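Work through the exercises below with the sequence and the coordinates at hand, and try each task before reading its solution.

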Amino acid sequence: MTSRRVFTLFALMLTAALVLAACGTPTTGGTERIVETVVVTVEVPGAAPAPLPVPPAGYGATLATVLERGTLICGVNSQVPGFGYIDANGVFSGFDVDYCRALAAAIFGDASKVEFRPVTAAERFTALQSGEIDILSRNTTWSTVRDTELGGNFVHTTFYDGQGMMVPADTGITTLQDLEGGTICVQTGTTTELNLADVMAAEGVSYTPAVFEDADSTFAAYAEERCDAVTTDKSGLVSRRTVLADPSAHVILDVTMSKEPLGPMVRHGDDQWFDIAQWTVFALFSGEEFGITSANVDDVLASATAPEARRLLGLEGDLGLKLGLSNDWAYNILKLVGNYAEVYNRNLGPDTPTYIPRGYNSLYVDGGLLYAPPFR
Amino acid sequence: MQSAETQTAAIPIWRDERYLNLLGQAIFAVVILAAGYYLYRNMEAGLRRQGTTLGFGFIQGTSGFDIAETLFEYSRSSTFWQAFQVGLLNTLLVSVVGILFSTILGVILGVARLAANPLVRWLATGYLELMRNLSLLVFLVFWYLGVFLKLPKIKEAVIWPGPTFLTNRGIAIPWGVPTETFPAYRLILALGVLAAILIAAALHARGRRTGKPPLTILWAGASFVVVVVLGWFALPAAPLAWDLPYPEGLRIAGGKIFTPEFMALVSGLVLYTAAFIGEVVRAGIQAVSRGQVEAARAIGLTGFQTLRLVIFPQALRVIIPPLTSQYLNLAKNSSLAIAIGYPDVFYVSNTILNQSGRAVEMITLVMLTYLLFSLITSAFMNWYNRRIQLVER
């Protein structure tokens, strides 16, 4: 009897503690609040909860968090050579990965203060929304829904891409029409999947999709000849072709099925963070435009006379301070990571297995689409 | 102790265990509700911070993606809701086909495991032990990448008589296509069912009268077949035309094509679940006491008659409850389709989730679907269980 009574008492105390814990939201507390919460609980099924004021993520909140943490957390791909992958030494490398390094250089003056988090196509937006990552730099296409409903802001296009189609060379397929009745491998949760449906419907070509969960299983199925063709962004095709058993046995068709502007993405609600991310892209563009490279940046710093280059490097004005960074932020980017051309050539240049001609991704003065607003 | 009980009436309310118990339960209920409400509010606040709210309005939006295997007309301009239904029907198809074949195979295995012939017994035992100790996911990937994708290309297809095409794009078999006399044939099918029911009722009544156990299923089935076959030839034109598969460009046209994903999923689920059903059947048979079999033999029943009239009816009572949970397992395990790209309800919902960004809604919908499916299956099996229990005297 006695032990049972002790147990009942214990259970009561435990439940009381649980009630307190359950009510311990940041805005409630104290005994009076418990009573209030209990009353509300009874009304749950019918009552619509009163609208809470929207707590803004806040101007400057992200930078403060990053500075306090001491590292930048960057959501990247780990499966696409040239853009985001883990190289033979176990180090993250690629075009999108180097952007993260540039951002870390701008913030900390140290390009190594980045923690890379590999995220899949399906989980990337949730990771960004929930604050698990500070920025998403993972060959992500800029689109309306992603800019609005998914709660993100695209910073700027860093790579102008288009969706392509790869087929085994010995099939003799050269156009989308040749794929009539065929099976096409595609990855789920991507704009690629939607574009494929759009383009094939517009062309009047009937096909069967074979849809897979990630890039590895999509291309594994293609390698097993489950499908006649595989589709993704052309950059992705070039990149994945390098890891197929015989890269020369596969051709990328001369068709572009969509516009795919790829670039980094930040959360809604912190304009300062958006500005920092965006002007980091422009610093990379302008470095190339002004001919400033990681090799000559110190010479330029000593002898620069052009006013805009001087403002970029922090010799004149206080542009860095306006972004909430130090005034040598752009100098650090160019010194530690290099300009756009250096980043491009390191990952996608002619000397790499993932060579992609620059095409649209040239400066506007060279007939491309890269155009940075003035630094002033 | 004695003195404590005589004083019950005098115990004050805060020490009365009956009230304390009630109070404890009430507090517990409140805590659970409060915790649930707190979590719900937390989620809602989080969603609002992201600028989204809960709601199923999006489900009428255009899906924008294609699905490989659909049991009804579906295209990229259909709605998310229709895409969900496609997945739902695919899950139902796999579950029903899987349950059917795993039951047949499982019963054979269960009986074989108790066979007098040692070779049969050892084979069955070996199979059961192997299957029950494999991981289903590994087994599915093996069937997909190791078997069905290793079949030859369409141009080099293995052609079995029929013709049946075995290719890495699927297995194509001839299939009947309804002709203009098919509506009339539907009436004949109904007639066949009617005849079977009448014969079964008559045999049952006769069995009651004479005391001789009738072979009800055999004769009812035979009468159905006779009506259906006679009806086929009685019509001016055959109600179904053979649609033969043939290679056409990059695909196989005509016939019925079972995709590698479907084949791998069904093969994996059937072979795996059948092993468990085999064990359930064996346990059920062994639960029938030895004396029953000896008594059946003593009154001159043959081995098959003993099985059919004495062992199975009694074993069934033991078998049904664990068999139900095997059926539920098979249906729930079909969600592993995501690993091999078969568009079942979970896979399609995942795609919808990605394309619409509605995680909470879609996961809730999927959970409700599996819950409902399992509850319906077990309700049916419980009903059947009660029905056969009533036979007991």
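## Exercises on backbone and packing

Asn139(A) is found in the loop that runs between strand S6 (135-136) and helix H6 (144-147) of chain A, in what is a predicted model.

**Exercise 1.** Determine the sign of phi at Asn139(A), and decide whether Asn139(A) is buried or exposed.

*Solution.* Begin with the backbone: Asn139(A) is not a glycine, and yet its phi is positive, at about 20°. Turn next to the accessibility, where the relative accessible area of Asn139(A) is 18%. Because buried means under 20% relative accessible area, Asn139(A) is classed as buried.

**Exercise 2.** Locate Glu225(A) in chain A, and then assign its phi and its exposure class.

*Solution.* Glu225(A) sits in the loop between helix H8 (215-223) and strand S12 (229-233) of chain A. Its phi is positive, about 60°, although Glu225(A) is not a glycine either. With a relative accessibility of 30%, Glu225(A) counts as partly exposed.

**Exercise 3.** Classify the packing of helix H3 (residues 80-113) of chain B against helix H8 (residues 260-287) of chain B, and describe the residues of their contact.

*Solution.* The two axes come within 6 Å and cross at roughly 40°. That angle makes H3(B) oblique to H8(B), since angles under 35 degrees would count as roughly parallel. As for handedness, H3(B) passes H8(B) in a right-handed crossing. The residues of this contact are then sorted by class, which gives 19 nonpolar, 7 polar and 3 charged.

**Exercise 4.** Repeat the analysis for H8(B) and helix H10 (residues 303-333) of chain B.

*Solution.* The axes of H8(B) and H10(B) are 8 Å apart, and the packing angle is about 155°. H8(B) is therefore roughly antiparallel to H10(B), the class for angles over 145 degrees. The crossing of H8(B) past H10(B) is right-handed. On the H8(B) side, the contact includes Leu269(B), Tyr272(B) and Phe276(B), while the residues met in H10(B) include Ile311(B), Pro322(B) and Tyr327(B). By class, the contact has 16 nonpolar and 4 polar residues, and no charged ones.

**Exercise 5.** Summarise chain A as a whole, asking how many helices and strands chain A has and what share of its residues is buried.

*Solution.* Chain A has 15 helices and 15 strands, and 51% of its 376 residues are buried. Its accessible surface comes to about 16,300 Å², with 57% belonging to carbon and sulfur atoms. Finally, of the contacts in chain A between residues at least 6 apart in sequence, 71% join residues at least 24 apart.

Terms used:
Residues are numbered from 1 along each chain as its sequence is written. Chains are lettered from A and ligands numbered from 1 in the order in which they are written. This is a predicted model: local features need pLDDT of at least 70, side-chain atom pairs count only at pLDDT 80 or more; totals for chains, interfaces and linings use all residues. Side-chain values use heavy atoms; hydrogens and water are left out. Axes are lines fitted to C-alpha atoms, for helices over the stretch in contact, and angles run from 0 to 180 degrees between N-to-C directions. Helices (H or I, at least four residues) and strands (E, at least two) are DSSP runs, numbered from the N terminus. Angles under 35 degrees count as roughly parallel, over 145 as roughly antiparallel, 65 to 115 as roughly perpendicular and the rest as oblique. A crossing is left-handed if the near helix is turned anticlockwise from the far one by less than a right angle, and right-handed if clockwise. Ala, Val, Leu, Ile, Met, Phe, Trp, Tyr, Cys and Pro count as nonpolar, Asp, Glu, Lys and Arg as charged, and the others, Gly among them, as polar. Buried means under 20% relative accessible area, exposed over 50%, partly exposed in between (1.4 Å probe, protein chains only). Contact means heavy atoms within 4.5 Å. Accessible areas come from the Shrake-Rupley method with a 1.4 Å probe; for residues, only the protein chains shown count as cover.
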